[in-house]
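This report looks at the enclosed and open spaces of one structure and at the molecules held in them. Please view the sequence and the model before reading on.

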Amino acid sequence: MSVPLTSSLYTPTRESLAELLDGEPRYRLDQLWDGLYTQLAAPADITNVPKSLRERLAVELPSALTQLVRTVSDGGDTVKYLWSLADGSRIETVLMLYPDRVTVCVSSQAGCAMGCGFCATGQAGFTRQLSVGEIVEQVVVAARDARTMGRRLANVVYMGMGEPMANLPAVWESVERLHGAIGLSARHITLSTVGLVPGIRSLSEKQLPVNLAVSLHAANDALRDELVPINKRYPLKDLMEACADYLDAKGRRLSFEWALIDGVNDRSRDAAELADLCRRFKLPAHVNLIPLNPTPGYPTVGSSAAHVAKFHQSLVGLGINATVRRNRGTDIDAACGQLAAGQPVVLSSARARSDKG
Ligand code: SAH
Ligand code: SF4
């Protein structure tokens with residue numbers, strides 16, 4: 001059997017897995033599926049499945065993620081994983097433990113082609129699309145890790161490396177798997193997009209009502225063209241209409257991400273423009289404010305804490321629902337926009353397959 005390098009045991013649908021188990025008793029499929037998705041067991045640990053079969057599967061569909069580095073910050077509440085994929089590409093995943101919830105931030109592509117100048121992933125450029133298995137495995141491994149800390153992972157945000165809407169077939173299949181097989185609620189799954197209008201439109205036609213986060217950063221086209229180059233193709237009017245239609249279709253939570261850049265998009269007139277934009281398109285959006293995190297390729301700095309607070313107050317004063325997001329993992333480059341997977345390999349046990357560790 002020849003499988004693509006990007007496959008993992010988390011790639012096949014239940015039906016394809018059944019084909020793979022042809023010749024085995026029928027209950028094997030249930031055992032394996034239950035082990036993979038309900039127990040979140042490492043494939044080698046699904047011991048009610050015979051060892052010989054586990055060994056065959058490990059050869060045909062090995063784990064897609066090889067852990068290179070696992071870094072911890074925020075007193076253990078933020079964990080960043082650097083993975084090597086079978087073809088040598090590198091991606092990152094971030095697990096965040098909050099008092100009331102556990103969230104994993106997954107990558108949807110190795111690199112990103114969207115070229116936002118302030119983002120480390122954008123600075124590094126595009127390598128390739130991730131497969132369903134490579135996405136789902138990030139969630140499973142993080143959930144397993146959370147479980148060892150006595151916590152249950154229930155939230156997934158597609159805010160790691162890459163643009164989910166530029167890899168929508170695999171991303172959507174992964175969403176369906178997380179929902180259908182692991183049992184995560186669509187309300188706890190958020191896709192973040194730089195604003196690919198066709199992607200948002202096709203999301204409106206899907207059955208599962210996931211949350212949509214749009215990385216806005218500017219409320220006028222001239223500034224947004226500069227910050228987010230794809231705005232030239234999908235300008236604000238088209239983007240806002242697509243968001244409004246998504247809200248109509250799904251009744252789901254819509255949020256705007258706004259990375260505050262000193263002197264660029266943190267002035268009172270930027271707040272006024274944003275409020276005006278929301279009003280014009282009747283969008284009851286929730287605005288997430290994040291001070292810009294430093295990245296190697298972008299000279300401008302994030303707004304000061306005082307400025308962030310002032311911008312927040314301006315928005316609230318204008319009737320806009322806004323929250324200041326606390327930065328997670330800035331010291332280990334695990335924060336928004338800092339994922340570049342460029343770290344040197346430091347662990348000698350690097351080749352140990354993540355499903356065995
Ligand atoms: N490509 C998608 C999802 C991944 S980026 C998107 O752009 O939405 C995740 C979030 O991090 C986005 O909101 C993005 O705008 C933001 N971001 C990128 N670089 C950042 C930086 N240096 N500081 C703070 N946020 C950043
Ligand atoms: Fe890509 Fe999002 Fe970074 Fe822009 S902000 S380069 S879309 S990952």
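In what follows, Ala, Val, Leu, Ile, Met, Phe, Trp, Tyr, Cys and Pro count as nonpolar, Asp, Glu, Lys and Arg as charged, and the others, Gly among them, as polar. The model is predicted, with local features needing pLDDT of at least 70 and side-chain atom pairs counting only at pLDDT 80 or more, whereas totals for chains, interfaces and linings use all residues. Residues are numbered from 1 along each chain as its sequence is written, chains are lettered from A and ligands numbered from 1 in the order in which they are written, and side-chain values use heavy atoms, with hydrogens and water left out.

A cavity is a set of points, on a 1 Å grid over the protein atoms alone, where a 1.4 Å probe fits but cannot get out; a pocket is an open set with protein on both sides within 12 Å along at least five of seven lines, and lining residues have an atom within 4 Å of a point. Grid points are joined across faces, edges and corners, and a volume is the space filled by probe spheres set on the points.

Searching the whole structure gives 2 cavities of 30 Å³ or more, and the largest cavity has a volume of about 510 Å³. Its lining comprises 29 residues, of which Phe-118, Cys-119, Met-159, Ser-215 and Gly-337 are the closest to its centre. Strands (DSSP runs of E, at least two residues, numbered from the N terminus) contribute to this lining, with β8, β10 and β11 each supplying at least two residues.

The largest cavity is the space taken by ligand 1 and also the space taken by ligand 2, where a molecule sits in a cavity if more than half of its atoms lie within 2 Å of its grid points. Around ligand 1 there are 20 residues, the closest being Phe-118, Ser-192, Ser-215, His-217 and Asn-293, and a residue is near a molecule if one of its heavy atoms lies within 4 Å of it. Ligand 2 is surrounded by Cys-112, Met-114, Cys-116, Cys-119, Gly-122, Gly-162, Glu-163 and Val-194.

Ligand 1 has polar contacts, that is, pairs of N or O atoms within 3.5 Å. A nitrogen atom of ligand 1 is 2.9 Å from a polar backbone atom of Phe-118, and a nitrogen atom is likewise 2.9 Å from a polar backbone atom of Gly-162, while a polar side-chain atom of Ser-192 lies 2.7 Å from an oxygen atom of ligand 1.

The largest pocket has a volume of about 800 Å³ and is lined by 34 residues, with Arg-101, Thr-103, Val-157, Met-159 and Arg-325 nearest its centre.

| Set of residues | Nonpolar | Polar | Charged |
|---|---|---|---|
| Lining of the largest cavity | 16 residues | 10 residues | 3 residues |
| Shell around ligand 1 | 9 residues | 9 residues | 2 residues |
| Shell around ligand 2 | 5 residues | 2 residues | 1 residue |
| Lining of the largest pocket | 14 residues | 13 residues | 7 residues |

Definitions and conventions:
A polar contact is a pair of N or O atoms within 3.5 Å; within protein, one must be able to donate a hydrogen and the other to accept it, and residues adjacent in sequence count only if both atoms are side-chain atoms. Helices (H or I, at least four residues) and strands (E, at least two) are DSSP runs, numbered from the N terminus.
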